[in-house]
Amino acid sequence: MARLSELSRSIEGKVALITGAASGMGRATARLFSDEGAHVIVTDLTADGVDAVVQEITAAGNSAQGWTLDVTDGERAAQVIEEAVAAFGGLDMVVNNAGMAISGPIDDPDFEDNWATTVDILLTAHTRIIRAALPHLRQSDCPRIVNIASTEGWGATKFNSPYVAAKHGVIGLTKGLAVDLGREGITVNCICPGPIVTGLTEAIPEEQRTIYAKRRTALGRYGIPEEVAHGTLNFCLPASQFMTGAILPVDGGLLIKNA
Ligand code: NAI
């Protein structure tokens, strides 16, 4: 059938790097991007975690290769990106997703360590990955960066200040780089997931999750990782070329619900 629109909604053949892709939203994003025909660079801390996701993707007949990558290790990030580019012939998209959470009050004896670890993994790491990827993104005809922040990048949950500060920082980084890289056609956008059932939240008892979600979200439930992955995919489409510096909540309406 003839199409009346001009811009493509296909990422087929594009190469996408995803950090923290062994679990939760990273894994869902890797699976979705592979379903859409992208070559997926699956990275995470452990070989077992990475291999399991690569196995799922290749067993489905889709394309992926895995690398262990601790996002706090800038040298390793550069090495992984060079190897992946050699394997797939380029790099088009980076999804900065890897994350963890440590909570505690400001007078916690471990606060300074928690702060340093949290900011390093959730915020500084994004800059490492982007710096290593940039020369390759500059060669792409569809260069996309998506940073995963959180609704904690807008507001704050009690005793979570390092995480809240880092996620606010991810939003700031997104805006800053969107301005810096815009003239090169590289888009930089940010997703703010609300409560999603993943490795980060699975320890919360289901009853508690249900009470929280009914009270705080418009949709009255937790989200699933794939719902966030579709938001990320939208930012990565060739058709999304005029969308940059955008901060998209995928939160079941948490941010807009007053009561
Ligand atoms: P998850 O625990 O299921 O997945 C996070 C992945 O990141 C894990 O596979 C973990 O091994 C990896 N990771 C942790 N530290 C790493 C490091 N130093 N280097 C490389 N990989 C590392 O959790 P989830 O929820 O899928 O988290 C993904 C992102 O979503 C995180 O940035 C998180 O802060 C964010 N987020 C999660 C929400 C939720 O409700 N689950 C809500 C808002 C944001």
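Why are F111 and W115 separated by about one helical turn? The two residues are four apart in helix α4, which spans residues 111–137, and this spacing accounts for the separation of about one turn. The structure is a predicted model, and the values reported here were computed from it.

The count of aromatic pairs comes to one. In this pair, the ring centres of F111 and W115 are 6.0 Å apart and the ring planes stand at 35 degrees, so the pair is tilted. Planes under 30 degrees apart would count as stacked, and planes over 60 degrees apart as edge-to-face.

The ligand is surrounded by 26 residues. The closest of these are S23, D44, N97, Y163 and T198. Sorted by class, the shell around the ligand consists of 13 nonpolar residues, 10 polar residues and three charged residues.

Polar contacts to the ligand involve both backbone and side-chain atoms of the protein. A polar backbone atom of V71 lies 2.9 Å from a nitrogen atom of the ligand. For K167, a polar side-chain atom is found 3.0 Å from an oxygen atom of the ligand. A polar backbone atom of G194 is likewise placed 3.3 Å from a ligand oxygen atom. On its own, the ligand has 830 Å² of accessible area, and the protein covers 90% of this area.

The largest pocket is the space that the ligand takes up. Two elements, α1 (24–35) and α5 (161–181), give two or more residues to the shell around the ligand.

Technical notes:
Residues numbered from 1 in each chain as written. Predicted model: local features only at pLDDT ≥ 70, side-chain atom pairs only at ≥ 80, totals over all residues. Heavy atoms only, no water. Near = heavy atom within 4 Å. Polar contact = N/O pair within 3.5 Å; in protein donor to acceptor, adjacent residues only side chain to side chain. Areas by Shrake-Rupley, 256 points an atom, 1.4 Å probe, with all protein chains shown as cover. 1 Å grid on protein atoms, 1.4 Å probe; cavity = no way out; pocket = protein on both sides within 12 Å on 5 of 7 lines; lining within 4 Å. Sits in = over half its atoms within 2 Å of the grid points. Nonpolar A, V, L, I, M, F, W, Y, C, P; charged D, E, K, R; others polar. Phe/Tyr/Trp six-rings, centres within 6.5 Å; stacked < 30°, edge-to-face > 60°.
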